[in-house]
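Visitor: I should like to understand the reasons behind the terms used for a protein model. May we go through them one at a time?

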Amino acid sequence: MKILVTGTAGFIGSHVAQALLARGDEVVGFDSLNDYYDVTLKQARLARLLDKPGYTHVTADLADRAAVKQVFATHGPARVVHLAAQAGVRYAAENPHVYVQSNLVGFLHVLEGCRHHGVEHLVYASTSSVYGANTAMPFSEHASAEHPLTLYAATKKANEQMAHSYSHLYGIPSTGLRFFTVYGPWGRPDMALFLFTRAILEDRPIRVFNHGRHKRSFTYVDDIVEGVVRTLDRVPGKDPDWDGQAPDPATSGVAPYRLYNIGNEQPVELLRYIEVLEQCLGRKARMEMLPLQPGDVPDTEADVGDLVKDVGYRPVVPVEEGVARFVEWYRSYYKV
């Protein structure tokens with residue numbers, strides 16, 4: 001199967017492309033290699049793909065309408081895994097226009113490509129951040145998510161609604177995946193585990209928000225990849241039991257549309273996450289305790305019952321194992 005994967009120089013996208021190639025799919029990768037963070041890390045991820053049989057790369061920006069149109073016309077992918085986006089929850093406060101261009105305009109271009117080239121299934125990345133002000137745990141796709149707290153989360157919520165409209169109007173089967181705090185080898189330098197590891201090894205203090213008391217469904221990247229691949233293989237249809245008088249946000253009676261959470265069901269307190277990291281590094285962290293940041297939610301907890309029911313899979317890697325694998329990669333990659 002020929003699959004277009006956007007964001008293949010990114011953290012999750014590079015892992016997904018590897019998994020699809022390993023099972024024999026042909027992958028067309030699409031990434032702008034922008035400088036939001038270290039471009040050499042992106043190039044290193046991409047280098048692991050470029051020599052693989054069945055991989056073709058296109059360097060372009062999602063906001064470039066002509067470039068996206070060209071990749072669909074040239075390669076005619078059967079399915080699309082859309083993982084490219086402007087990442088970083090807090091960066092949006094400084095650069096809101098970048099998020100609109102990448103996460104909204106770019107997503108529109110992907111939807112248009114799917115529309116005009118008969119794509120069988122679009123799988124796209126959403127985020128647990130869409131739950132925003134919700135406090136009912138665990139977070140369920142069937143609950144309302146109408147109060148995002150950051151622009152990043154708002155763009156992802158908009159993606160879900162854009163996908164539903166295109167699924168309804170043009171019959172494009174679409175599946176949105178709400179990822180919960182992904183970590184692991186080849187991760188992003190702006191995320192907590194990366195920042196903490198670098199600071200501890202350099203004997204610098206780490207900034208611990210909410211005094212380390214908030215909990216997250218930390219999810220190892222291999223668990224995310226397995227969920228992406230399994231949902232890609234399950235093309236959604238209309239839900240015959242859907243009721244417009246009591247609409248279910250996770251499904252649709254008028255469109256082939258689905259939303260899933262992908263996250264570890266065992267939330268871990270940030271202080272415990274740091275403790276595991278200290279054990280793996282063999283060093284103690286110097287912690288600067290700070291209040292909760294604006295836009296952050298106190299806790300996240302994933303309900304993945306639908307993922308288990310529909311594709312037979314749940315994330316399982318514990319933080320003790322996942323953090324150890326990250327530290328092993330980090331020491332090898334940076335030679336420290």
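Guide: The following conversation sets values beside the definitions that they must meet. Please note that this is a predicted model.

Visitor: Let us begin with the sheet. What is the order of its strands, and is the sheet open or closed?

Guide: The sheet is open, and its 7 strands follow the order β3-β2-β1-β4-β5-β6-β11, with parallel pairing. From one strand to the next, the twist averages 20°.

Visitor: Why are β3 and β11 said to stand at the edges?

Guide: β3 (55-59) and β11 (257-262) each have a single partner strand, so one side of each has no neighbour in the sheet.

Visitor: How do you know that β6 and β11 pair?

Guide: Pairing requires at least two bridges between the strands. Strand β6 (residues 174-179) and β11 have 6 bridges in the parallel sense, so they meet that requirement. One example is G176, whose bridge partner in β11 is L259. Helix α5 (residues 151-170) lies across β5 (121-127), β6 and β11, and runs at about 155° to β5.

Visitor: What makes the contact between R258 and D306 a salt bridge?

Guide: The nitrogen and the carboxyl oxygen must be within 4 Å. For R258 and D306 the closest N and O atoms are 2.7 Å apart, therefore the pair qualifies. R258 belongs to strand β11 and D306 to helix α9, so the bridge ties together parts that are 48 residues apart in sequence.

Visitor: Why are R258 and D306 called buried?

Guide: Buried means under 20% relative accessible area. R258 has 7% relative accessibility and D306 has 11%, so both count as buried.

Visitor: How do you know that R234 and D310 also form a salt bridge?

Guide: Their N to O distance is 3.9 Å, and the cut-off is 4 Å, so the pair is accepted. R234 lies in the loop between α7 (221-232) and β11, whereas D310 lies in helix α9 (residues 305-311), so this bridge ties together parts 76 residues apart in sequence. D310, at 18% relative accessibility, counts as buried, while R234, at 34%, is partly exposed. R234, R258, D306, K309 and D310 are linked in a network of salt bridges.

Visitor: By how much of the helix are E112 and R115 separated?

Guide: E112 and R115 are 3 residues apart in helix α4 (residues 96-116), which means a separation of about one helical turn. They form a salt bridge, with the closest N and O atoms 3.1 Å apart. The whole structure holds 23 salt bridges.

Visitor: Why is E112 called partly exposed?

Guide: That term covers values between the 20% limit for buried and the 50% limit for exposed. E112 has 22% relative accessibility, so the term applies to E112. R115, with a relative accessible area of 33%, is partly exposed as well.

Visitor: What makes E278 buried?

Guide: Its relative accessibility is 8%, and the limit is under 20%, so E278 counts as buried. E278 is in helix α8 (residues 270-281). Not counting residues up to four places away in sequence, E278 touches R283, K284 and A285.

Visitor: Lastly, which residues have the most contacts inside the largest nonpolar core?

Guide: They are F179, Y273 and V323, in a core of 71 residues. Leaving aside neighbours within four places in sequence, Y273 is in contact with Y183, L193, F218, V268, V319 and V323. Apart from this core lies another of 25 residues, among them V71, F107, A250 and Y257.

Key:
Residues numbered from 1 in each chain as written. Predicted model: local features only at pLDDT ≥ 70, side-chain atom pairs only at ≥ 80, totals over all residues. Heavy atoms only, no water. Core = buried A, V, L, I, M, F, W, Y, C linked by side-chain atoms within 4.5 Å. Buried < 20%, exposed > 50% of the residue type's maximum accessible area, 1.4 Å probe, protein only. Contact = heavy atoms within 4.5 Å. Helix = DSSP H or I, 4+ residues; strand = E, 2+ residues; numbered from the N terminus. Axes fitted to C-alpha atoms, helices over the stretch in contact; angles between N-to-C directions. Salt bridge = Lys/Arg side-chain N within 4 Å of Asp/Glu carboxyl O.
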